[in-house]
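The following exercises are to be worked through with the sequence and the coordinates at hand. Each task is followed by a solution in steps.

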Amino acid sequence: MSENRRPHIFISYSHDDKQYAERVADKLKASNFDVWWDDDLLLGDVWNPKLDQAIKRSFALLVIVTKKSLQSHWVTYEWSIASILNIPVIPIVVEDVEF
């Protein structure tokens, strides 16, 4: 990684947990990390290519684990892509869940 490029972290979460994800993103940005989360996706966008590209650029995929996120198609998709690409997946377990 070049010295000028900050580590890029992709945040995966359920939209029910958006406030928590936003707080995590803000703290990471304050620590000089480059953070991607879907706050800039627009209704009607084709999400898969944008998600794939953002995950490929990532140093790590941070997953906010809640009961809702474990039911989310998108969280499962993002976690799978990161696993396929051998990108480290870092779970933040927010509530008691069963994997």
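Two residues are in contact when heavy atoms of theirs lie within 4.5 Å. The model examined here is a predicted one.

**Exercise 1. Establish the order of the secondary structure elements along the chain.**

Solution. Step one is to count the elements: the protein has four helices and four strands. Step two is to read them from the N terminus, which gives β-α-β-α-β-α-α-β.

**Exercise 2. Determine the strand order of the sheet and state which strands stand at its edges.**

Solution. Begin with the pairings.
- Strand 1 and strand 2 are joined by three bridges in the parallel sense, and H8 has D34 of strand 2 as its bridge partner.
- Strand 1 also runs parallel to strand 3, with four bridges between them; here I9 stands opposite A60.

The four strands thus form an open sheet in the order 2-1-3-4, with parallel pairing. Strand 2 and strand 4 each have a single partner strand and stand at the edges, so one side of each is left without a neighbour in the sheet. On average, and with direction ignored, neighbouring strands are turned by 25 degrees against each other.

**Exercise 3. Decide whether the residues of strand 1 are buried or exposed, and which way they point.**

Solution. First, assess the burial: five of the five residues of strand 1 are buried. Next, sort them by direction: H8, F10 and S12 point one way, whereas I9 and I11 point the other way.

**Exercise 4. Find the contacts of F10 and place this residue in a nonpolar core.**

Solution. Set aside the neighbours of F10 within four places in sequence; the contacts that remain are W36, L51, A54, I55, S58, A60, L61, L62 and E78. Then turn to the largest nonpolar core, which has 14 residues. F10 is among those that touch the most other members, together with W36, L51, I55, L61, V63 and A82. Helix 2 (47-56), strand 3 (60-65) and helix 4 (73-84) each supply at least two residues of this core. The largest share, four residues, comes from helix 4. A second, separate core of eleven residues includes A25, L28, L62 and I64.

Helix 4 can also be placed against the sheet: this helix lies across strand 1, strand 3 and strand 4, and runs at about 150 degrees to strand 3.

**Exercise 5. Explain why the buried residues of helix 1 line one face of the helix.**

Solution. Step one concerns the length of the helix. The 13 residues of helix 1 (residues 18-30) should span 18 Å at 1.5 Å a residue, and the end C-alpha atoms are 18 Å apart, which agrees.

Step two recalls a general property: an α-helix has 3.6 residues a turn, so residues three or four places apart point the same way.

Step three applies this view to the burial. A residue is counted as buried under 20% relative accessible area and as exposed over 50%. The buried residues of helix 1 are A21, V24, A25 and L28. Seen down the helix axis, these buried residues fall within an arc of 100 degrees, so they line one face.

Step four examines both sides. The cover over the buried residues includes strand 1 (8-12), strand 2 (34-36), strand 3 and strand 4 (89-93). The face turned away from the buried side carries the exposed residues Q19, K27 and A30. Just after helix 1, N32 takes a positive phi of about 75 degrees.

Technical notes:
Residues are numbered from 1 along each chain as its sequence is written. This is a predicted model: local features need pLDDT of at least 70, side-chain atom pairs count only at pLDDT 80 or more; totals for chains, interfaces and linings use all residues. Side-chain values use heavy atoms; hydrogens and water are left out. A nonpolar core is a set of buried Ala, Val, Leu, Ile, Met, Phe, Trp, Tyr and Cys residues joined through side-chain atoms within 4.5 Å. Buried means under 20% relative accessible area, exposed over 50%, partly exposed in between (1.4 Å probe, protein chains only). The expected span of a helix is 1.5 Å times one less than its number of residues. The arc is that of the directions from the helix axis to the C-beta atoms. Two strands pair if DSSP finds at least two bridges between them. Axes are lines fitted to C-alpha atoms, for helices over the stretch in contact, and angles run from 0 to 180 degrees between N-to-C directions.
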